[in-house]
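Please open the structure in your viewer and keep the selection tool at hand. The stops below are meant to be taken in order, with a pause at each one to look around.

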Amino acid sequence: MADKLCVPEGFDNGDFSQWICRFEICAAANKWDPATQLLRLPTLLKGRGFAIFERLSLSEDDRKSYSKVKEAMLAVFEPDTEERRRTARRELQGRCLRLNEDVDSYVYQLERLLDCACPGLSPEVRQRELLDRFLDGLPPVVQEKLALASSVDLQQTIDKTRQILAFMTPRPVEGDNASRSHVSTYRGNAVTAVADQSNSVAQALNDLSTRLAGLESTLS
C-alpha cells in the first residue's frame with residue numbers, strides 16, 4: 001500500500017506566506033521536486049486563491065517555474081508596501097507572549113512581523129532585533145529571571161524561557177487527587193448533614209402544628 005500523501009488544507013484567502021510554508025513542508029515530506037510542487041499547487045487552491053493563480057501576469061516560461069509562481073502569489077497576497085511595513089512595526093512593538101501561547105509560536109510570529117517590518121536586515125542585526133523584541137514581550141517576572149542569566153544568544157534565551165515557564169506552570173502532584181477527593185467527600189457529607197437537619201426541622205414543625213391543632217380542638 002502506498003504511503004498517504006501529506007497535504008495542507010486547501011487555501012482560499014488569508015495568510016498565504018504561512019500556508020505556502022506548510023505546503024513546502026508537506027512537499028518535502030512527499031519528496032516532491034519543484035516541477036511536482038508546481039503541478040500540485042493549483043489543486044490545493046480554491047476561491048480567491050485559485051482565481052489569483054489563474055490570473056497571474058506571468059510569461060509562459062515563468063508559469064513553468066514554481067519559484068516564480070510562488071513569488072507572484074506572495075506579491076498579490078502580501079504586497080511589499082510602506083503601509084504594510086508600518087502596520088507590521090506597530091504590531092511588532094505591541095506583540096507580547098499571550099496567555100497559554102507556546103514559546104515557539106511566539107518566536108515564529110515575531111520573525112514574520114520583523115521580516116515584514118524591516119526586510120533586508122543582515123543576519124546579525126535580525127537576531128539582535130528578534131532578541132530585543134522577544135524579551136520585551138515577556139512577563140516581567142520572566143524578564144527578571146532571564147536578566148540573571150545575562151545571555152545574548154537568541155536560541156539560549158528561548159530555551160531558558162521554556163525552562164522558566166515550565167517551572168512556573170503548576171502541575172498536579174500525587175496528593176492532589178486525594179485532597180480533591182477528600183474535599184469533595186467533606187462537601188458532600190456537609191450537604192447531606194444540612195439536608196437531614198432541614199428534614200428534621202420540617203418534621204418537628206409539622207408535629208408542632210398537629211399538636212396545636214389538637215389543642216385548639218380540645219379547647220373549643
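The tour goes from the whole chain to single helices and then to a few residues.

Begin with the whole chain selected and shown as a cartoon, and bear in mind throughout that this is a predicted model. You will find 10 helices and 0 strands in the chain, so that its pattern, read along the sequence, is α-α-α-α-α-α-α-α-α-α. Of the 220 residues, 25% count as buried. If you switch to a surface view, about 15,300 Å² is exposed, and carbon and sulfur atoms supply 54% of that area. Among contacts in the chain with a separation of 6 or more, 54% are between residues 24 or more positions apart.

Next, select residues 66-77, which make up helix H4. Its 12 residues reach 17 Å from the first C-alpha to the last, close to the 16 Å expected at 1.5 Å a residue. Now show the side chains of Tyr66, Val69, Ala72, Met73 and Phe77, the buried residues of H4. Because they cover an arc of only 135° around the axis, they lie on the same side of H4. An α-helix has 3.6 residues a turn, so residues three or four places apart point the same way. To see what covers the buried residues of H4, add the helices H1 (16-29), H2 (34-40) and H3 (47-54), which are included in that cover.

Move on to helix H7 by selecting residues 123-136. The 14 residues of H7 should span 20 Å at 1.5 Å a residue, and the end C-alpha atoms are 20 Å apart, which agrees. Within H7, the residues Leu130, Leu131, Arg133 and Phe134 are buried, and what covers them includes H5, H6 (103-117) and H9.

From there, turn to helix H5 (residues 82-94) and pick out arginine 85. Is arginine 85 buried or exposed? Arginine 85 counts as buried, because its relative accessibility is 19% and the cut-off for buried is under 20%. Leaving aside neighbours within four places in sequence, arginine 85 is in contact with Asp80, Cys116, Ala117 and Pro119.

For the last stop, select Val141, Phe167 and Met168, which form a nonpolar patch on the surface with about 320 Å² of accessible area together. Methionine 168 has its place in helix H9 (residues 154-168), and at 37% relative accessibility this methionine counts as partly exposed.

Terms used
Residues are numbered from 1 along each chain as its sequence is written. This is a predicted model: local features need pLDDT of at least 70, side-chain atom pairs count only at pLDDT 80 or more; totals for chains, interfaces and linings use all residues. Side-chain values use heavy atoms; hydrogens and water are left out. Helices (H or I, at least four residues) and strands (E, at least two) are DSSP runs, numbered from the N terminus. The expected span of a helix is 1.5 Å times one less than its number of residues. Buried means under 20% relative accessible area, exposed over 50%, partly exposed in between (1.4 Å probe, protein chains only). The arc is that of the directions from the helix axis to the C-beta atoms. Contact means heavy atoms within 4.5 Å. Patches are made of residues with over 30% relative accessible area and no salt bridge: like charges are joined within 9 Å, nonpolar side chains (Val, Leu, Ile, Met, Phe, Trp, Tyr) within 5 Å. Accessible areas come from the Shrake-Rupley method with a 1.4 Å probe; for residues, only the protein chains shown count as cover. A salt bridge is a side-chain nitrogen of Lys or Arg within 4 Å of a carboxyl oxygen of Asp or Glu.
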